[in-house]
Amino acid sequence: MKDTNCIFCKIAAGDIPSNTIYEDEEFRVILDLAPASKGHALILPKEHCADIYEIDAEVAGRAMKLAKKLAMHMTDVLGCEGFNILQNNHEVAGQTVFHFHMHLIPRYKNAKNNDILMWTHETFSEEEMAEIRDSLQYRQ
Ligand code: AMP
Ligand code: ZN
């Protein structure tokens, strides 16, 4: 299902032109319009879903599998020295387009913005860490 107000739905469907590097029935992969580095690309599912909370787990799994294959391919072609796979959810986490997407960001030694994705550290006491650990126990 497409969301008629969603720019990534339109791009994924091919209704708006993009620099596409891969396409299949389920995904389109495009170059980011404002790239963090040479080759920065985005995996877009064609079916609209806003974020990790909405996406079907199987689709998310296939997106990650595609990310793995593209990381290999892009590293091979671009000769980058590293690679970030990034996925933002909700405004507080930096999401600006509310259609699920995965960033594929090739990284190069000595590139001008190698400090992107760096963060300062928060500190928690041992007790707080234990409380966090206990509250997060998960079983499938
Ligand atoms: P996020 O902040 O995780 O939601 O990422 C949105 C990304 O989409 C940003 O890196 C933008 O540069 C990129 N972007 C926004 N509009 C377009 C567009 N029309 N074509 C390609 N990339 C876009
Ligand atoms: Zn959409």
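The following paragraphs describe the fold, the zinc site, the salt bridges and selected surface and backbone features of a predicted model.

In this predicted model, local features require pLDDT of at least 70 and side-chain atom pairs count only at pLDDT 80 or more, whereas totals for chains, interfaces and linings use all residues. Residues are numbered from 1 along each chain as its sequence is written, chains are lettered from A and ligands numbered from 1 in the order in which they are written, and side-chain values use heavy atoms, with hydrogens and water left out.

The protein comprises three helices and five strands, where helices (H or I, at least four residues) and strands (E, at least two) are DSSP runs numbered from the N terminus. Their order from the N terminus is α-β-β-β-α-β-β-α. Along the principal axes, the C-alpha atoms occupy a box of roughly 55 × 40 × 25 Å. Of the 140 residues, 33% are buried; here buried denotes under 20% relative accessible area, exposed over 50%, and partly exposed the range in between, computed with a 1.4 Å probe and protein chains only.

The zinc ion (ligand 2) is bound by Cys6 (SG), Cys9 (SG), His48 (ND1) and His99 (ND1), with distances of 2.0 to 2.3 Å. Donors are defined as N, O and S atoms within 2.8 Å of the metal (3.2 Å for Na, K and Ca), and sites may look incomplete because water is not among the atoms. Angles of 102 to 117 degrees among the four donor atoms make the site of the zinc ion (ligand 2) tetrahedral, a label given to four donors if all angles lie between 85 and 135 degrees. The sequence spacing of the donor residues of this ion is C-x2-C-x38-H-x50-H. His48 belongs to the loop between β3 (41–45) and α2 (57–78) and His99 to the loop between β4 (82–86) and β5 (102–107), so this pair ties together parts that are 51 residues apart in sequence. Both His48 and His99 are buried. Cys6 is likewise classed as buried, because its relative accessibility is 8%. Cys80 counts as buried because its relative accessibility is 8%. The search of the whole structure finds zero disulfides, a disulfide being a pair of cysteine sulfur atoms within 2.5 Å.

Side chains of opposite charge can pair when their charged atoms come close. The structure contains four salt bridges, each defined by a side-chain nitrogen of Lys or Arg within 4 Å of a carboxyl oxygen of Asp or Glu. Glu23, Arg28 and Lys46 are joined in a network of such bridges. Within this network, the Arg28 and Glu23 side chains meet at 3.3 Å, N to O, and those of Glu23 and Lys46 meet at 2.7 Å, N to O. Glu23 is located in strand β1 (residues 20–23) and Lys46 in the loop between β3 and α2, so the latter pair ties together parts that are 23 residues apart in sequence. Arg28 is buried, at 9% relative accessibility, whereas Glu23 is partly exposed at 42% and Lys46 is partly exposed at 22%.

A further salt bridge joins Glu26 and Arg62, whose closest N and O atoms are 2.8 Å apart. This pair links distant parts of the chain, with Glu26 in the loop between β1 and β2 (27–31) and Arg62 in helix α2, 36 residues apart. Glu26 is partly exposed, with a relative accessible area of 23%, as is Arg62, with 39%.

A nonpolar surface patch consists of Phe124, Met129, Ile132 and Leu136, which together have about 390 Å² of accessible area. Patches are made of residues with over 30% relative accessible area and no salt bridge, like charges being joined within 9 Å and nonpolar side chains (Val, Leu, Ile, Met, Phe, Trp, Tyr) within 5 Å. Accessible areas come from the Shrake-Rupley method with a 1.4 Å probe, and for residues only the protein chains shown count as cover. Met129, in helix α3 (residues 126–135), is partly exposed at 47% relative accessible area. Ile132 is separated from Leu31 by 101 residues in sequence and by 38 Å in space, C-alpha to C-alpha. Leu31 is situated in strand β2 and is partly exposed, at 33% relative accessible area.

Two backbone positions complete the description. His90, in the loop between β4 and β5, has a positive phi near 75 degrees although the residue is not glycine; its relative accessible area of 39% classes His90 as partly exposed. Leu117, in the loop between β5 and α3, also is not a glycine and has a positive phi of about 75 degrees. Leu117 is partly exposed, at 33% relative accessibility.

Conventions:
Tetrahedral: all angles 85-135°; square planar, octahedral: opposite > 155°, others 65-115°.
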